Amino acid sequence: MSGAGDVIERERPLDPVVKAILMLAGRSPAPPGPGRTGSAGEDGFTPEQARAAFHALTVTARSAGSVAPVGAVEEVRAAGLPARVYRPAAAGPAPTVVFFHGGGFVTGDLDTHDNHCRWLCRETGAVVVSVGYRLAPEAPFPAAVHDCLTAIRWAAGEIAGLGGLPERLAVAGDSAGGNLAAVAAQVCRDEGGPPLCAQLLVYPVVDLSAHPYPSRLEYGEGYLLTADTMRWFVSCYRPDERSPLASPLRGTLTGLPPAVVVTMQYDPLRDEGESYAAALAAAGVPVAAHRFGGLVHGSFELPILGPATVEAMRTAFGSFRKLLIPTSELSREPLS
């Protein structure tokens, strides 16, 4: 894990399971295009409707066969924030991962990413703490950043009752949550902790500027997350795009914890995620970069997980597990 681009799959046609879900999603409401604000646009679409549409896709339509079993699930409050703790089946001390859900800083919650966290817990053997941070436009930038830092500090203080290993605290997130995890890793480094042992960034948005990454142009329409939707999310979040607190790609990357960066072939955010992985490696940060062919942004939250998505989750979370668990303990039987 010495550099970026460790695992880049060959290009594949769009996965048939994903393609079928995209066809279904294409018949459902979607957030408005650019130029709309956090209030209802001229078409009447609101953040509440966007949240309901995302919940319908990720929760209401979820196949029971796709849900991963874990040892236990507990609803808690993390310094006043809603949170959900996932515990692995195996007893004994374990790493602790603080997870931030995606959804463009506007949608998403503990339920939309329940199965993502279950798989993460199951495949890594870690305790996963999923955090319900405040959403835009009601709470614009940098409210979510502050909430995520609060949750990390809470987890560090409660580590004995969570995973039990103080030196094995990590962060993870997907999409907007990947942004927040990357930002939190930089702030924890700069503000004296708590120290983090690893970071998992799943199809993260790391540059909120309008930079014309080729993948934004090539896959900005028809692959679940669209360029118009992303612009709408940013208009709701109202970030200072020049600040590393909004665009972690603009931050100083030396001295950050080892990372796993996941990207998908048909994702408008693919190129910025891979740029971040390359920048981490150039800064001397150990990083494993995985690009999965045939998949789209949000594949880990889809209601039906086809074989390609399951393989991708196991590969990505397996890489993260190697960062979480000391090498001396990796000789035990792998998770199944």
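Helix H9 of this predicted model has a long list of buried residues: Ala 308, Thr 309, Val 310, Ala 312, Met 313, Ala 316, Phe 317, Ser 319, Phe 320, Arg 321, Leu 323 and Leu 324. Let's pick out Ser 319, which sits in H9, a helix covering residues 307-324. Ser 319 counts as buried because its relative accessibility is 11%, under the 20% cut-off. Setting aside residues up to four places away in sequence, Ser 319 touches Val 260 and His 290.

Helix H4 can be read in a similar way. Its buried residues are Ala 143, Ala 144, Val 145, Asp 147, Cys 148, Leu 149, Ala 151, Ile 152, Trp 154 and Ala 155. For both helices, the end-to-end distance can be set against the expected span at 1.5 Å a residue, and the two values agree for H4 and for H9.

| Helix | Residues in helix | Expected span | Distance between end C-alpha atoms |
|---|---|---|---|
| H4 | 15 residues | 21 Å | 21 Å |
| H9 | 18 residues | 26 Å | 25 Å |

How does H4 pack with helix H5, and at what angle? The axes of H4 (residues 143-157) and H5 (residues 176-190) are 10 Å apart and meet at an angle of about 65°. Their crossing is right-handed. On the H4 side, the contact is made by Ala 144, Val 145, Cys 148, Leu 149, Ile 152 and Arg 153, while H5 brings Leu 180, Val 183, Ala 184, Val 187 and Cys 188. Sorted by class, that contact holds ten nonpolar residues, one charged residue and no polar ones.

Now for the nonpolar cores. In soluble globular proteins, nonpolar side chains tend to be buried together. The largest nonpolar core here has 64 residues, and those touching the most other members are Phe 100, Ile 152, Leu 180, Tyr 237 and Leu 280. H5 gives the most to this core, with nine residues. A second, separate core has 43 residues, including Val 18, Val 128, Cys 197 and Met 313.

Tyr 237 deserves a look of its own. Apart from neighbours within four places in sequence, Tyr 237 is in contact with Phe 105, Ala 136, Pro 140, Phe 141, Ala 144, Val 145, Leu 180 and Leu 208.

Met 230 lies in helix H7 (residues 227-237). Is Met 230 buried or exposed? Met 230 counts as buried, because its relative accessibility is 14%. Beyond its neighbours within four places in sequence, Met 230 is in contact with Val 205, Leu 208, Leu 225 and Leu 269. Val 205 is 25 residues from Met 230 in sequence, with 9.7 Å between their C-alpha atoms.

Methods. Residues numbered from 1 in each chain as written. Predicted model: local features only at pLDDT ≥ 70, side-chain atom pairs only at ≥ 80, totals over all residues. Heavy atoms only, no water. Helix = DSSP H or I, 4+ residues; strand = E, 2+ residues; numbered from the N terminus. Buried < 20%, exposed > 50% of the residue type's maximum accessible area, 1.4 Å probe, protein only. Contact = heavy atoms within 4.5 Å. Axes fitted to C-alpha atoms, helices over the stretch in contact; angles between N-to-C directions. Left-handed = near helix turned anticlockwise from the far one by under 90°. Nonpolar A, V, L, I, M, F, W, Y, C, P; charged D, E, K, R; others polar. Core = buried A, V, L, I, M, F, W, Y, C linked by side-chain atoms within 4.5 Å. Expected span 1.5 Å × (residues − 1).
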